[in-house]
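Notebook open, coffee poured. Today I am looking up a serine, a pocket and a helix.

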Amino acid sequence: MARNKVKYIFITGGVISSLGKGIAASSIGLLLKNRGLRVTIQKFDPYINVDPGTMNPYQHGEVYVTDDGAETDLDLGHYERFLDVNMTKNNNATTGQIYNEVITKERRGDYLGATVQVIPHITDEIKRRFEALAKTGQYDIIITEIGGTVGDIESLPFLEAMRQFMFSKGKNNAICAHVTLVPYIKHAGEIKTKPTQHSVKTLLEIGIQPDILICRSESSLTKEVKEKIALFTNVAVESVVDAHDVSTIYEAPLQFADEEVDEIVLEKLDLTCPKPNLKEWRKFVDRIKNPKNQVNIAVCGKYTEHQDSYKSISEAFVHAGAANNVRVNLKWVRAEDIERDGAEAHIKGCCGLLVAPGFGERGIEGKIAAVKYVRENKIPFFGICLGLQCAVIEFSRNVCGLARAHSTEFKNTDQNVIDLMLEQKNVTAYGGTMRLGSYPCKVLKGTKAFKAYKKELVHERHRHRYEVNNAFKDNLEKNGMITSGICPSNNLIEIIELSGHPWFVAGQFHPELRSRGTNPHPLFQDFVKAAMDFCNK
């Protein structure tokens, strides 16, 4: 194909949220990438927050951090895991960011005294961002997911901007794929098309005719149902896609390939490309669905009732499990339950423990007790961010004899083995002010971390304010804690592990953010293997 014209695919959603627009966008992106096209995906979120960085995990799920330090929507994690392409701050935009930009321009006098309105000023800023990635010259296809549901008042400016943008680009250069619900009503024994009809009607009222309908349902759609949907929505019957539930999200691209979604997209965008090579992806999905073994691993955290808070962690275990040909069964353990019942009641019988990241004092003593239990019982342990800090506090208290060891985040003592980073001391604002994004880490040879990474210099993503206090480094190392990873630019401790333990490793960074479907993170892969070895001993 000619590389001089960028093509656009917009993904919208109707009827209800959580239908899987992000998975649909990622699946289409994977198929097109495997045909040799340069693809990226961006997410436009209707909420007024500038970014999700200060939002409650119960409301929004995890905050996904990119290499360049942007705090973004968790759907960007799906994009990266499917496409194995790094996203940036330009791949996510919110209403808050867009209004903030327009108001800044108005205050600066850029509009020359004009009355600032949703149309054209807000919609123009949205359209500018739709096209920003295209101007880099790095992509052939840009997929844009519009968050929320058609009909939401918050989504209207985005949909109006999308209508204008699609019209200006022309029919063969910008298309809309609409994800909608086709529910099965059990007592009637019927699949109902009316919600989809209403959803498309709402889109048509805005002036957008969908080119493709991705119909989410519990079970397969019959030919008759597809024909009925096509008749009432002005969408060609071959462009009505059956997207019924599958056993793993990673099967969705294969389902889309069977439905020839990529062929439909290429035809509508007037492109010709070779067939996709999905051999590796099929092998990956087969290992998820038909593993040889299984292993139970506990995940201890604060937000375990809402597992989207740890979305990248659970997906990293899927990738690492597939690489080890094992199903990882996660046991979600509330840190406060360990405080109440003791660690053994919740961790016994598991072959590994991951202590998850988080903020705030709630449940902290439960996490520390969990670390103590697996350290003493030689159960494989993996700590992430706050998980590392809990491991250092526990080791300081119970091995180094520092009874008052704590983190400045929770309690000021003369033994704050975890302290606020120097550059964070005068920070007062909360949004986007942490140590964010990718930083280098030099890995010590001969350690478990080096065995996993197989190289001396790695780059990992961070999201934190507190670090191991280097004043206690010698004491920790003297008692058997190995500093196996150091940031070369500021000498901060990045990775710790314990000698004399089968697998006890923790990182100050977030390795889960670098795990990909067919390219698992080495620490997760090694941790799962260590848990399997523990099970089989």
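I began with S396, remembering that this is a predicted model. Leaving aside neighbours within four places in sequence, I found S396 in contact with G401, L402, A405, V417 and L476. I placed S396 in helix α16, residues 386-398. Its relative accessibility came out at 0%, so I noted S396 as buried, the cut-off being under 20%. I then checked its side chain: a polar atom there lies 2.7 Å from the backbone oxygen of V392. A general reminder to myself: an α-helix has 3.6 residues a turn, so residues three or four places apart point the same way.

Next I turned to the largest pocket, which has a volume of about 1000 Å³. I counted 40 lining residues, and S17, S18, L19, G20 and D75 lie nearest the centre. Among the elements giving two or more residues to this lining are α1 (21-33), β2 (39-45), α3 (75-83) and β10 (212-217). The largest share, 4 residues, comes from α1. I sorted the lining by character and got 14 nonpolar, 14 polar and 12 charged residues.

Last, I looked at helix α4. Does its span agree with what is expected, or disagree? The 14 residues of α4 (95-108) should span 20 Å at 1.5 Å a residue, and the end C-alpha atoms are 20 Å apart, so the two agree. I listed the buried residues of α4 as T95, G96, I98, V102 and K105. Their cover includes β2, β5 (92-94), α5 (118-132) and α6 (156-169). Just after α4, I noted that G109 takes a positive phi of about 90°.

Terms used: Residues numbered from 1 in each chain as written. Predicted model: local features only at pLDDT ≥ 70, side-chain atom pairs only at ≥ 80, totals over all residues. Heavy atoms only, no water. Buried < 20%, exposed > 50% of the residue type's maximum accessible area, 1.4 Å probe, protein only. Polar contact = N/O pair within 3.5 Å; in protein donor to acceptor, adjacent residues only side chain to side chain. Contact = heavy atoms within 4.5 Å. 1 Å grid on protein atoms, 1.4 Å probe; cavity = no way out; pocket = protein on both sides within 12 Å on 5 of 7 lines; lining within 4 Å. Points joined across faces, edges and corners; volume = space filled by probe spheres on them. Nonpolar A, V, L, I, M, F, W, Y, C, P; charged D, E, K, R; others polar. Expected span 1.5 Å × (residues − 1).
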